[in-house]
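Dear colleague,

I am handing over the structure below, together with some notes on what came out of going through it. Please have it open while you read.

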Amino acid sequence: MSKTAAVEALISFYEGLSAESLARFPEFYADDAFFKDPFNQVRGVAPIQRIFAHLFRQVGEARFVVSERLLADNGAMLVWEMHFRLPARRGQGPPQLIRGVSHLK
């Protein structure tokens, strides 16, 4: 699979990510994958899956939208938005948005 095809497959995976699809992480990440965000720093597919499982337990309607992709010889960068709602006492809270960038190697 070409690098472009692999990145597009990963984007499709993330844009359709759900609690039910977390089992597919090994299709996209190496066994020793490294993941870091402002709250976590882990190595390995299972710990990465746990981070996203926790996300889906804590927020409602979580979804990712990739708006830009930059490919280079040594990796790729994805510009994305995470849309979600924080649980409120009665139903869901207002829509929330986090913008981010992922550096893939």
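**Notes on the predicted model**

Ser 21 is found in the loop that runs between helix H1 (3-15) and strand S1 (34-36), and please keep in mind throughout that this is a predicted model. With a relative accessible area of 13%, Ser 21 is buried, because the cut-off for that term is under 20%. Its side chain reaches the backbone nitrogen of Ser 18 at 2.9 Å, and, leaving aside neighbours within four places in sequence, Ser 21 is in contact with Phe 13 and Gly 16.

The largest nonpolar core holds 27 residues, of which Tyr 14, Leu 17, Phe 25, Tyr 29, Ile 48, Phe 52 and Phe 64 touch the most other members. At least two residues of this core come from each of H1, helix H2 (45-58), strand S3 (60-72) and strand S4 (75-87), and the largest share, six residues, is supplied by H2. For Ile 48, contacts outside the neighbours within four places in sequence include Phe 25, Tyr 29 and Ala 33.

A search of the whole structure also finds four salt bridges. In one of them, Arg 69 pairs with Glu 8, the closest N and O atoms being 2.7 Å apart, and this pair links distant parts of the chain, since Arg 69 is in strand S3 and Glu 8 in helix H1, 61 residues apart. Another joins Arg 85 and Glu 61, with the closest N and O atoms 3.0 Å apart; Arg 85 lies in strand S4 and Glu 61 in strand S3, so this pair ties together parts that are 24 residues apart in sequence. Arg 85 is partly exposed at 23% relative accessible area, whereas Glu 61, at 54%, counts as exposed.

With best wishes

Conventions
Residues are numbered from 1 along each chain as its sequence is written. This is a predicted model: local features need pLDDT of at least 70, side-chain atom pairs count only at pLDDT 80 or more; totals for chains, interfaces and linings use all residues. Side-chain values use heavy atoms; hydrogens and water are left out. Helices (H or I, at least four residues) and strands (E, at least two) are DSSP runs, numbered from the N terminus. Buried means under 20% relative accessible area, exposed over 50%, partly exposed in between (1.4 Å probe, protein chains only). A polar contact is a pair of N or O atoms within 3.5 Å; within protein, one must be able to donate a hydrogen and the other to accept it, and residues adjacent in sequence count only if both atoms are side-chain atoms. Contact means heavy atoms within 4.5 Å. A nonpolar core is a set of buried Ala, Val, Leu, Ile, Met, Phe, Trp, Tyr and Cys residues joined through side-chain atoms within 4.5 Å. A salt bridge is a side-chain nitrogen of Lys or Arg within 4 Å of a carboxyl oxygen of Asp or Glu.
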